[in-house]
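Please work through the following exercises with the sequence and the model side by side. Each task is followed by a solution that goes step by step.

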Amino acid sequence: MARAMNFNAGPAALPLEALERAQRELIDFAGTGMSIIEHSHRGKAYEAVHNEAITLLRELLDIKDTHHVLFLQGGASQQFAMIPMNLLKPGQSADYIVTGAWGKKAIQEAKTVGTVRSASAGDPEAKPARVPKQSELDLDANAAYVHLTSNETIGGSQWHEFPSTGKAPLVADMSSDILSRPIDVSKFGLIYAGAQKNIGPSGVTLVIVRKDLVETGRTDIPKIFRYATHAAENSLYNTPATFAVYLVRNVLDVLKKNGGLAAIDKQNRAKAKALYDAIDARPDFYRCPVEQGARSLMNVVFNLPTPELEAEFVTATQKLGMVGLKGHRSVGGIRASIYNAVLPEWVGALAQFMNDFHKGS
Ligand SMILES: *Cc1c(COP(=O)(O)O)cnc(C)c1O
């Protein structure tokens, strides 16, 4: 069987080892005579998987006891609403640093809940995409929190160093770069990520949140939307996405065995470099619409001289067994999503193809 060279933006490639384990364990999980999908979320078999996934996350990201690790549902998009519902109290305001399409969605949703302000100037979707410098930020010292998107999956920009936000908790949408590099979790009030880019399948959303923020969160919202509800029950208040959490466990186990975040970070940097080098070597032909210092290591976006050449490029890559290289429908161009599970060989093949395609046209 030939695995596709999968450059999808999300849902995205998963480690073959994690899938094969799921295949082996599917019908008879750990000698129980049934699949993990068929187990009660209150039973020992599932509980062990659930807790193993949490423990692996704590180990990999070095998450201290100051923070809860939650498995929620509703995707990162639900967090756009849940964050202000929990953390933005009447009379308070929250700051949003918007660097692209996802940040824009986050601030728009927050506006339906309470008072928010933009802490950065300019159109976040203007080209070239960039992230603001600390000196360019207009932060409110009394903000309930400061929100940013660590990696803009569509525009292809990424924060390589996070801003300081004083006493205002930093909240980050890390949907498309969580677990791709080591981060200092203690610097964040809340980190959230839909699983389907770098952690596992869709259906489960990871939330890492400071315990004091949960304790002081609003209680005048429906119970199901309160972080406190889920934190008190170890994310077993209601039925979690058990099969998704199981697959997350498999993915995290592979990540740990392969040397954890330091090792994957090194590999991710080398992968991104191969593609950016291929772009920069032919500036007359390939153009990256992102400022040098803000280029994403996860989503490499670039343009060719014309949309026709871009379409030709995508068709040719498909013939080589590469999928998912067409840019997001809102911006066009080419996008190579090179998450943790995207093999260096696939990226090498793409870089080689970029060279060949340039020569041939
Ligand atoms: C994919 C993505 C989302 C949306 O995630 P859903 O789980 O589909 O709601 C939000 N933010 C970022 C940065 C993303 O990449």
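**Exercise 1.** Locate Met 354 in the secondary structure, and decide whether Met 354 is buried or exposed.

Solution. Step one is the element: Met 354 has its place in helix H10, residues 344-360, where helices (H or I, at least four residues) and strands (E, at least two) are DSSP runs numbered from the N terminus. Step two is the surface: Met 354 has a relative accessibility of 0% and therefore counts as buried, a word that stands for under 20% relative accessible area, with exposed meaning over 50% and partly exposed in between (1.4 Å probe, protein chains only). Step three looks along the chain, where Arg 282 is 72 residues apart from Met 354 while their C-alpha atoms are separated by 9.5 Å.

Two remarks apply to every exercise here. The model is a predicted one, in which local features need pLDDT of at least 70 and side-chain atom pairs count only at pLDDT 80 or more, whereas totals for chains, interfaces and linings use all residues. Residues are numbered from 1 along each chain as its sequence is written, and side-chain values use heavy atoms, with hydrogens and water left out.

**Exercise 2.** Describe how strand S2 is covered and which strand is joined to S2 by bridges.

Solution. Begin just before the strand, with Thr 66 in the loop between helix H2 (44-61) and S2; this residue is partly exposed, with a relative accessible area of 44%. Then take strand S2 itself, residues 67-72, where six of its six residues are buried. On one side these are His 67, Val 69 and Phe 71, and on the other His 68, Leu 70 and Leu 72, so that both faces are covered, given that buried is set by the cut-off of relative accessible area. Finally, look for the partner: six bridges join S2 to strand S10 (residues 205-210), and the two run antiparallel, where two strands pair if DSSP finds at least two bridges between them. Within this pairing, Phe 71 stands opposite Leu 206 in S10.

**Exercise 3.** Carry out a similar reading for strand S13, and state in which sense S11 and S13 pair.

Solution. First consider the two faces of S13 (residues 334-337): Ile 334 and Ala 336 are buried on one side, and Arg 335 and Ser 337 are buried on the other. Next comes the pairing, which is antiparallel and runs over four bridges between S13 and strand S11, residues 299-302. One position can be checked by eye, since Asn 299 stands opposite Ser 337.

**Exercise 4.** Find which residues come nearest to the ligand, and describe the shell around the ligand by class.

Solution. Start with the shell, which has 13 residues, of which Ser 77, Thr 153, Asp 173, Gln 196 and Lys 197 come nearest; a residue counts as near if one of its heavy atoms lies within 4 Å. By class, the shell has three nonpolar, eight polar and two charged residues. Helix H3, residues 75-87, gives the most to this shell, with four residues. Then turn to individual atoms: a side-chain N or O atom of Asp 173 is 2.6 Å from a nitrogen atom of the ligand, a backbone N or O atom of Ala 76 lies 3.1 Å from a ligand oxygen atom, and a polar side-chain atom of Gln 196 lies 2.9 Å from an oxygen atom of the ligand. To close, the ligand has 390 Å² of accessible area on its own, and the protein covers 86% of that (areas come from the Shrake-Rupley method with a 1.4 Å probe).

**Exercise 5.** State how many salt bridges the structure holds, and compare where the partners of individual pairs lie.

Solution. The structure holds 20 salt bridges, each being a side-chain nitrogen of Lys or Arg within 4 Å of a carboxyl oxygen of Asp or Glu. In one of them, the side chains of Arg 249 and Glu 25 meet at 3.4 Å, N to O. This pair links distant parts of the chain, with Arg 249 in helix H7 (residues 242-257) and Glu 25 in helix H1 (residues 16-25), 224 residues apart. Arg 249 is buried at a relative accessible area of 3%, and Glu 25 is buried at 18%. Another pair is Asp 277 and Lys 273, whose closest N and O atoms are 2.6 Å apart. Both lie in helix H8 (residues 260-280), four residues apart, about one turn of the helix. Asp 277 counts as partly exposed at 37% relative accessibility, while Lys 273 counts as exposed at 51%. As a last step, salt bridges that share partners join Arg 21, Glu 25, Glu 52, Arg 249, Asp 253 and Lys 257 into one network.

Terms used:
Polar contact = N/O pair within 3.5 Å; in protein donor to acceptor, adjacent residues only side chain to side chain. Nonpolar A, V, L, I, M, F, W, Y, C, P; charged D, E, K, R; others polar.
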